[in-house]
Amino acid sequence: EARRQRERTRPPPLKLPSLSLSPAPFFSQRKHPSLFPPPSPSWSHSHSMRWSIFLFAPNLVGYARIALMFAAFAWARSRWDLAAVCYLVSALLDAVDGLLARMLNQSSRFGAVLDMIADRAATSGLCAILCALYPEHVCFFASTIAIDVMSHFARVVSS
């Protein structure tokens, strides 16, 4: 009887998403019916529209974020003030790209992945720079990178 009770209260097995190496999922729109209406059939099959996702306004902001991060990391040791400004502007643009995606209905999986990569690169790059500047705190900064990457991975896998 106790065994049956345990089997009834056991949670269902965890189903992990399958990993696809195809680039196709990055070209389709997210499925949030309350926020984003589904695209028209002609939109999803149009080759030219698929490539225009790379030129969506939020994605252009994402490219600018990545460029600003590279500039910040390049100037981190020589011009820390300029590096800080570039990094802060890049962080502010993180909020702007999300707002643009919702306002212009230009949310895409590619944009979500671009934003995720920019966020992880910003945190990891900043921690790497801080490791070089403060070698006595390497364990702390390396742990911060690991926690950031692992927590985001867990969030992505669980959703």
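1. Let me start with a pair you may want to look at right away: Asp148 and Arg120 are both buried in this predicted model. Their side chains meet in a salt bridge, with 2.9 Å from N to O. Asp148 belongs to helix α7 and Arg120 to helix α6, so this pair ties together parts that are 28 residues apart in sequence.

2. Now for the helix that carries Asp148. Helix α7 covers residues 138-158, which makes 21 residues, and spans 30 Å from its first C-alpha to its last. That is close to the 30 Å expected at 1.5 Å a residue. Which residues of α7 are buried? They are Phe141, Asp148 and His152. These three cover an arc of only 15° around the axis, and therefore sit on the same side of α7. As a reminder, an α-helix has 3.6 residues a turn, so residues three or four places apart point the same way.

3. What do the buried residues of α7 pack against? Their partner is α6, residues 109-133. The face of α7 turned away from the buried side tells another story: the exposed residues there are Cys139, Phe140, Ile147, Met150, Phe153 and Ser158.

4. Next, please have a look at Arg65, in helix α4 (residues 57-75). Is Arg65 buried or exposed? With a relative accessible area of 2%, it falls under the 20% cut-off and so counts as buried. Arg65 forms a salt bridge with Asp94, where the closest N and O atoms are 3.2 Å apart. Because Asp94 lies in helix α5 and Arg65 in helix α4, this pair ties together parts that are 29 residues apart in sequence. Asp94 itself is partly exposed, at 26% relative accessibility.

5. Arg65 has another salt bridge, this one with Asp115, at 2.6 Å from N to O. Here the link runs between helix α6, home of Asp115, and helix α4, home of Arg65, so parts that are 50 residues apart in sequence are tied together. Asp115 counts as partly exposed, with a relative accessibility of 22%.

6. The contacts of Arg65 belong to a wider arrangement: Arg65, Asp94, Asp97, Asp115 and Asp119 are linked in a network of salt bridges. How many salt bridges does the structure hold? The count is six.

7. On the surface, I would point you to a nonpolar patch formed by Leu99, Met103 and Leu104. Together these residues have about 320 Å² of accessible area. Met103 is found in helix α5, which takes in residues 80-103. At 65% relative accessible area, Met103 is over the 50% cut-off and so counts as exposed.

8. Finally, some totals to set these details in context. The secondary structure comes to seven helices and zero strands, and from the N terminus on the elements run α-α-α-α-α-α-α. The protein has 159 residues, of which 25% count as buried. Its accessible surface comes to about 11,200 Å², and carbon and sulfur atoms account for 70% of that area. Among contacts between residues at least 6 apart in sequence, 67% join residues at least 24 apart.

Methods:
Residues are numbered from 1 along each chain as its sequence is written. This is a predicted model: local features need pLDDT of at least 70, side-chain atom pairs count only at pLDDT 80 or more; totals for chains, interfaces and linings use all residues. Side-chain values use heavy atoms; hydrogens and water are left out. Patches are made of residues with over 30% relative accessible area and no salt bridge: like charges are joined within 9 Å, nonpolar side chains (Val, Leu, Ile, Met, Phe, Trp, Tyr) within 5 Å. Accessible areas come from the Shrake-Rupley method with a 1.4 Å probe; for residues, only the protein chains shown count as cover. A salt bridge is a side-chain nitrogen of Lys or Arg within 4 Å of a carboxyl oxygen of Asp or Glu. Helices (H or I, at least four residues) and strands (E, at least two) are DSSP runs, numbered from the N terminus. Buried means under 20% relative accessible area, exposed over 50%, partly exposed in between (1.4 Å probe, protein chains only). The expected span of a helix is 1.5 Å times one less than its number of residues. The arc is that of the directions from the helix axis to the C-beta atoms. Contact means heavy atoms within 4.5 Å.
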